Amino acid sequence: MTAKPLNIYDLTRPELSDLLVSLGVNPAHTGRVWRYLYWECVQQFSAMEAVPARVRAALASHATLGVLPTTLETDSSDGYTRKYLLGLHDDERIETVLMRFTGRVTACISSQVGCAMGCVFCATGQMGYTRHLTVGEIVAQAVHVQRTLRAENHRLRNIVLMGMGEPLHNFDAVMKAIDICTDGTGLGLAADRITLSTVGVVPGILRLAREQRKAFHLAVSLHAATQAERAAIVPAARKWPLDELMAACRTYSETTGRRIFYEWTLIEGKNDSPEHARAVGRLLDDLPAQVNLIPLNPTQGYDGTPTRSEAARKFQDVLIHEFGIPSTVRQRRGIDIAAGCGQLAVAEKQGLGF
Ligand code: SF4
């Protein structure tokens, strides 16, 4: 069996330097190669023109440059959202989304092919789990978006790990990818411009608390404030019950001193009443918290509908006026291109036209 070729995007900067040394190359070339990878976003070693040809040849003979080809690209009708379906070496597909908010450009990145968590309203959850992404496959998505932005004289400033997959289920690869994306001489993202969203993988949250990682934001998807209601929407809650999740969140906030964003998908008639808002308020009352309200993104496999804006506003009023908890209602972008995670990949598998 031949060994899998090394993907250069798998490497941190010190590891790239070690690779060069192992190839008999002066590690002084590390900075230039790194800049071509993450600043110029080249797609072939041969495009690293200022790197000596023998260095490029040595790299090309021992590693691949794991650029992910675009198999489908769609722009939302409002022009704010672009969704990429990217191909992997094993013919799997993942989604990456470029979102343009006012003064803010964000890449939404996947961490797995499919997802094992099975949230009932989520197209990726409906697909099931296929495999973890490698470090390089996660990093390559950020580079893909940066390449687009660079052509427009912009830079990628924000990443949300809210695409396909549960990031804390693929903990080590995701953490290393964050380290690479925050390297100041490459993509150079500030850690506090990265948000990792988890459905509530308790061991992962506790590990984050223990390891005192870079100061990225943590978002925890709640969607319900009682164990029974939550388990009906988020099957992972049967493994990590609500009381254990909240204890882990408390430990995380106490240990790191950081506020957690709690995500709440608003589903009409299901979890969007003022009484539901009071239940959230009681749950988060003494925790450093912000609630992000996200009107449901409709998917084929779930018959719920999104909460209307008036009910969302009432929900917010309860949180702020009765509990002093700040909240936002997430703008729904890219609905016409199925920008909810997993929707485009499912549509492609089913041969639906997007
Ligand atoms: S919402 Fe996130 S955690 Fe839940 S199934 Fe979808 S991708 Fe997985």
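Three bridges, given as 3 in the DSSP count, join β11 to strand β12 (residues 260-266), and the two run parallel. Here helices (H or I, at least four residues) and strands (E, at least two) are DSSP runs, numbered from the N terminus, and two strands pair if DSSP finds at least two bridges between them. Val-220 sits opposite Tyr-262 in β12. This is a predicted model, so to speak of local features takes pLDDT of at least 70, while side-chain atom pairs count only at pLDDT 80 or more and totals for chains, interfaces and linings use all residues. Residue numbers start from 1 along each chain as its sequence is written.On its other side, β12 is joined to strand β13 (residues 289-295) by 7 bridges, again in parallel. Within that pairing, Phe-261 has Gln-290 of β13 as its bridge partner. Going back along the chain, strand β10 (residues 194-198) and β11 (residues 217-221) run parallel and share 4 bridges, with Ser-197 partnered by Ala-219 in β11. The chain gets from β10 to β11 by way of helix α7 (residues 202-211), and this β-α-β crossover is right-handed (with the strands pointing away from the viewer, the path from the first strand over the helix to the second runs clockwise).

These strands belong to an open sheet of 10 strands, ordered β3-β4-β5-β6-β9-β10-β11-β12-β13-β14, with mixed pairing. At the edges are β3 (70-75) and β14 (327-329), each pairing on one side only. From one strand to the next the twist averages 20°; for such angles, axes are lines fitted to C-alpha atoms, for helices over the stretch in contact, and values run from 0 to 180 degrees between N-to-C directions.

The antiparallel part of the picture includes strand β5 (residues 93-101) and strand β6 (residues 104-108), joined by 5 bridges. Leu-98 is bridged to Ala-107 in β6. The two strands make a hairpin with 2 residues between them, and Gly-103 in the turn has a positive phi of about 65°. β6 also pairs with strand β9 (residues 158-161), this time in the parallel sense over 3 bridges, and there Thr-106 has Asn-158 as its partner in β9.

As for the overall layout, the chain splits into domain 1 (6-64) and domain 2 (70-349), with bounds that come from an automatic or database domain assignment. Their C-alpha centres lie 33 Å apart. Across the boundary, 11 residues of domain 1 are in contact with 15 residues of domain 2, contact being C-beta atoms, placed from the backbone, within 7 Å. Helix α2 (residues 30-38) gives the most to the domain 1 side, with 4 residues. That side has 6 nonpolar, 3 polar and 2 charged residues, where Ala, Val, Leu, Ile, Met, Phe, Trp, Tyr, Cys and Pro count as nonpolar, Asp, Glu, Lys and Arg as charged, and the others, Gly among them, as polar.

Then there is the ligand. It has 12 residues around it, and Cys-115, Met-117, Cys-119, Cys-122 and Gly-125 come nearest; a residue is near a molecule if its C-beta atom, placed from the backbone, lies within 6 Å of it. By class, the shell divides into 7 nonpolar, 4 polar and 1 charged.

Terms used: Two residues are in contact if their C-beta atoms, placed from the backbone, lie within 7 Å.
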